[in-house]
Amino acid sequence: MTATVLVVDDIEPNRRLLQAKLEAKYYTVFLAENGERAIESAVRLQPDIILLDVMMPGMDGYEVCRRLKNMPQTKHIPIVMVTALVNIEDRLKGLQSGADDFLSKPVDDFGLFTRLETQMRFNMVANELRVRGKRNAPVTHFSDYEKELINAPSNVLVIDQDNAEARRVSAALTTMGHTAVSWRDASEGKIEFRDLDLVILALSGQDHDALKLCAHLRTLKEARDFSILVTYQSSDQTQALEALRLGAADLISAPLELAELQVRVRTQTQRQRYIDVLRHRVDRGMELSVIDPLTGLFNRRHMLERMQVWMRRSREDEPSLTVVAFDIDYFKSINDRFGHEAGDDVLRAFSERLRMNIRPKDIACRVGGEEFLVIMPETEMELALKGAERIRRAIASEPFVNERTGQAIDVTVSAGVASHQGQSELLADLLHRADRALYQAKQNGRNRIENLAA
Ligand SMILES: [Mg+2]
């Protein structure tokens with residue numbers, strides 16, 4: 001994974017050393033020798049990451065960090081503070097100025113590249129979501145609610161067979177305002193992974209295979225709701241790297257220094273929430289643009305988009321794309337007799353039965369009014385006719401009982417089926433043939449399915 005890195009340090013040999021290390025791993029490197037230059041370069045070059053020296057004459061690293069995190073053009077860029085200072089106050093000062101991470105001088109390769117790797121991984125996910133979300137909402141601006149969500153305390157599970165250590169870490173996190181529980185204490189009750197933000201997983205000195213557990217946690221269906229922070233002894237660096245590869249979000253070396261723990265927990269939790277907020281925006285935006293609000297089926301716009309995709313993909317030697325156009329019989333009289341509200345209820349219940357009777361790969365859409373269309377990718381006519389027949393029967397088999405009024409309404413549906421005739425056929429032609437078949441089904445007495453001879 002390559003990236004552009006802005007290295008900020010007042011001492012030239014320090015800059016050159018980091019540059020050599022980074023370029024050896026194919027990172028693109030920019031250099032700045034003081035705070036003013038650093039800010040100017042960050043705005044202009046938009047690096048993926050900034051490695052920022054703390055001790056510099058003039059504007060120090062804390063001040064540079066604070067300024068960068070307060071400017072809309074640069075506040076999303078991760079900043080790793082590089083410092084010879086190791087005491088807690090200094091780290092806390094860095095935290096308060098908005099730093100995302102720390103590296104101690106002299107910088108060792110393992111620390112450097114794991115810091116970059118974890119930052120880059122976050123960048124990739126966030127950028128992807130920012131791009132996808134862009135059409136729907138500005139992504140540099142967060143509502144008060146979103147900000148509160150992002151900054152709220154973390155819900156942490158500590159997994160370490162050394163129960164005394166697990167409790168020490170949990171207690172420290174609780175003191176910092178988070179909710180934390182050790183695996184053993186939690187096992188009394190049931191662990192809700194969905195509610196977790198973070199799992200702190202000890203890698204070294206465990207009887208079980210912690211790497212296997214790490215991989216397993218990533219396969220849980222709630223996995224995208226929490227991050228994994230792995231703790232390791234320096235003798236287990238190789239396994240620690242493997243844990244990153246298996247999906248751990250970050251590493252922290254044992255014995256855990258509480259100030260560092262605080263930084264990592266805060267950063268990981270904020271990132272997890274930040275991603276959640278972006279993802280939620282994308283999902284919501286997607287929903288608005290492709291879902292029919294009354295029935296929850298896909299809308300006409302999405303239908304056309306998916307048909308285009310499947311028509312492009314269809315090849316001579318593969319089963320064709322087939323579409324089934326449905327139209328509820330005598331829908332107008334249902335509206336006339338029972339009212340529009342009952343009519344809407346029928347549309348919803350119809351959609352539900354439709355959804356229950358298609359295959360996972362079929363795409364059910366509401367075209368408008370009482371017209372529906374099911375896209376059946378890679379499906380020959382014969383199979384599509386069977387599928388359409390199953391749906392017709394599911395609709396006609398029992399009346400639709402209105403939950404509000406208790407009224408039972410008999411509903412039937414007619415359908416027309418058409419298969420894509422190959423690359424030269426246009427989308428409009430395919431839809432037109434399905435419509436003509438549907439018209440024939442209506443002419444021939446309704447509650448039936450027709451297809452036109454090709
Ligand atoms: Mg310096």
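Select helix H11 to begin, since this element supplies the largest share of the lining of the largest cavity, namely 4 residues; bear in mind throughout that the model is predicted. In the viewer, H11 runs over 258-290, and helix H5, at 109-133, is the other element that gives two or more residues to this lining.

Next, display the side chains of the full lining, which consists of Asp100, Asp101, Thr118, Gln119, Asp250, Arg264, Thr267, Gln268 and Arg271. Coloured by class, this set shows 5 charged and 4 polar residues, with no nonpolar residue in the lining. The space that they enclose has a volume of about 40 Å³, and the structure holds 1 cavity of 30 Å³ or more.

Now colour the chain by domain, taking 1-130 as domain 1 and 142-289 as domain 2. Where does the largest cavity lie with respect to these two domains? Both of them give residues to its lining, so the cavity lies between them.

From there, move to the magnesium ion and select its donor residues, which are Asp10 and Asp53, each through OD, and Met55 through O, at 2.0 to 2.2 Å. Along the sequence these donor residues follow the spacing D-x42-D-x1-M.

Finally, show the surface around two of these donors and ask of each, is it buried or exposed? Asp53 has 3% relative accessibility and therefore counts as buried, the cut-off being under 20%. Met55, by contrast, has 56% relative accessibility and so counts as exposed, the cut-off here being over 50%.

Definitions and conventions. Residues are numbered from 1 along each chain as its sequence is written. This is a predicted model: local features need pLDDT of at least 70, side-chain atom pairs count only at pLDDT 80 or more; totals for chains, interfaces and linings use all residues. Side-chain values use heavy atoms; hydrogens and water are left out. Donors are N, O and S atoms within 2.8 Å of the metal (3.2 Å for Na, K and Ca); water is not among the atoms, so sites may look incomplete. Buried means under 20% relative accessible area, exposed over 50%, partly exposed in between (1.4 Å probe, protein chains only). On a 1 Å grid over the protein atoms alone, a cavity is a set of points where a 1.4 Å probe fits but cannot get out, and a pocket is an open set with protein on both sides within 12 Å along at least five of seven lines; lining residues have an atom within 4 Å of a point. Grid points are joined across faces, edges and corners, and a volume is the space filled by probe spheres set on the points. Ala, Val, Leu, Ile, Met, Phe, Trp, Tyr, Cys and Pro count as nonpolar, Asp, Glu, Lys and Arg as charged, and the others, Gly among them, as polar. Domain bounds come from an automatic or database domain assignment.
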